[in-house]
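Biologist: Please start with the loops and then give me a close look at the helical part towards the end of the chain. I would like to know what touches what there, and how the pieces are set against one another.

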Amino acid sequence: MMKDSAKMKQKSKLEKVDPFEMKSFFDQITTLLADGQQDGLKEKTLPNIASLNGECSYITDYKKKKVLLKSGFKSLLGFEDDEVDFDFVFKGYHHEDAIMIKQIIKSVVSIAINSYSSDPDLQLSMTYRRKRKDGSYIHLLSLSTVYELDKNGNLLKSLTRLMDISYLNLATAVSWSIRSKNIDEEEIRNGINSLFENPFTKREIDVIKEIHKGGSNHEIADRLCVSHHTIATHRKNIFRKSSCNTVLDLLLYCKRLDIL
């Protein structure tokens, strides 16, 4: 009973994290993992990672927010391995793919570090577009598997391999699948799809389109023939409904909804 209560408390904390922002999410993950650990646990010995041409590999430590080992980033993405850190591996997505990829990662990681039973065979496969150092984009296949679990079966480290699949000329930029005994893939898909259901009124959509054009609340108010206080209220409601913190995130979100 106490274990179930602790799990519910962790889940509650994670649900309060902004769904579009990665840093606060992983800060919370690190805190939750640290709270659940005991001193003196022996860490798993790290292997040597060798990557084939056209792919790169790395191990992510969610408790320490570090990339412990990395290989092949120069040949795949144009970055030196020394340039790769924890924040690096969770950014650089194509703007049209970013929101969905971030939500997939957050959904899987939040369940994996809040596990009711050990799931050593957990695997997350994704395809998406990522920016190279020269500014071009390539289409990647990402395969992430469990590298280390704690004594409670929670995810501590994962091993990820990225492979260039641009030559396949896939029509769909983002695809994904999960192999897990603990994670309901359909539930995650429904949760992600709900993010892309239009929550806005017709007038809020008018304001969003004006935000896209640019300008202050006063300028938007003049164009729509209302007071700037009205625009401020609409803007506040729009950001609340979308769970976005920045105009850029809002515009990306609205493009996924075909509002823009």
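**Loops, then the C-terminal helices**

Modeller: Asp 134 sits in the loop that joins β3 (123-131) to β4 (137-149). This is a predicted model, and every value below is computed from it. With a relative accessibility of 56%, Asp 134 is classed as exposed, because the threshold is over 50%. Its C-alpha atom is 7.2 Å from that of Gly 78, although 56 residues separate the two along the chain.

Two other loop residues have a backbone feature in common. Most residues other than glycine have a negative phi. Lys 65, which is not a glycine, has a positive phi of about 50°, and it belongs to the loop between β1 (55-61) and β2 (66-71). Its relative accessible area is 22%, so Lys 65 is partly exposed. Cys 225 is also not a glycine, and its phi is positive, near 60°. The relative accessible area of Cys 225 is 69%, so this residue is exposed. Cys 225 lies in the loop between α7 and α8, which leads into the part you asked about.

On the N-terminal side of that loop, helix α6 (residues 202-213) packs against helix α7 (residues 217-224): their axes come within 10 Å and cross at roughly 125°. Oblique covers angles between 115 and 145 degrees, so α6 is oblique to α7. The crossing of this pair is right-handed. From α6, the contact uses Arg 203, Asp 206, Val 207, Glu 210, Ile 211 and Lys 213; from α7, it uses Ile 220, Arg 223 and Leu 224. Sorted by class, this α6 and α7 contact has 4 nonpolar residues, 5 charged ones and no polar ones.

On the other side of the loop, helix α8 (residues 228-242) meets helix α9 (residues 247-256), with axes that come within 11 Å and cross at roughly 65°. Roughly perpendicular begins at 65 degrees, so that is how α8 and α9 are described. Their crossing is left-handed. Helix α8 contributes Arg 235, Ile 238, Phe 239 and Ser 242 to the contact, and α9 contributes Val 247, Leu 250 and Tyr 253. By class, the contact of α8 with α9 holds 5 nonpolar residues, 1 polar and 1 charged.

One residue ties this part together. Leaving aside neighbours within four places in sequence, Phe 200 contacts Ile 205, Ile 208, Ile 238, Lys 241, Ser 242, Leu 250, Tyr 253, Cys 254, Leu 257 and Ile 259. Among these partners, Ile 238 and Ser 242 of α8, and Leu 250 and Tyr 253 of α9, also belong to the contact of α8 with α9.

Phe 200 matters for the wider count as well. In the largest nonpolar core, which has 67 residues, the ones that touch the most other members are Phe 26, Tyr 62, Phe 90, Ile 104, Ile 105 and Phe 200. Helix α4 (residues 98-112) supplies the largest share of that core, with 9 residues. In soluble globular proteins, nonpolar side chains tend to be buried together.

For the chain as a whole, there are 9 helices and 6 strands. Of its 260 residues, 45% are buried. Among contacts between residues at least 6 apart in sequence, 60% join residues at least 24 apart.

Methods. Residues are numbered from 1 along each chain as its sequence is written. This is a predicted model: local features need pLDDT of at least 70, side-chain atom pairs count only at pLDDT 80 or more; totals for chains, interfaces and linings use all residues. Side-chain values use heavy atoms; hydrogens and water are left out. Axes are lines fitted to C-alpha atoms, for helices over the stretch in contact, and angles run from 0 to 180 degrees between N-to-C directions. Helices (H or I, at least four residues) and strands (E, at least two) are DSSP runs, numbered from the N terminus. Angles under 35 degrees count as roughly parallel, over 145 as roughly antiparallel, 65 to 115 as roughly perpendicular and the rest as oblique. A crossing is left-handed if the near helix is turned anticlockwise from the far one by less than a right angle, and right-handed if clockwise. Contact means heavy atoms within 4.5 Å. Ala, Val, Leu, Ile, Met, Phe, Trp, Tyr, Cys and Pro count as nonpolar, Asp, Glu, Lys and Arg as charged, and the others, Gly among them, as polar. A nonpolar core is a set of buried Ala, Val, Leu, Ile, Met, Phe, Trp, Tyr and Cys residues joined through side-chain atoms within 4.5 Å. Buried means under 20% relative accessible area, exposed over 50%, partly exposed in between (1.4 Å probe, protein chains only).
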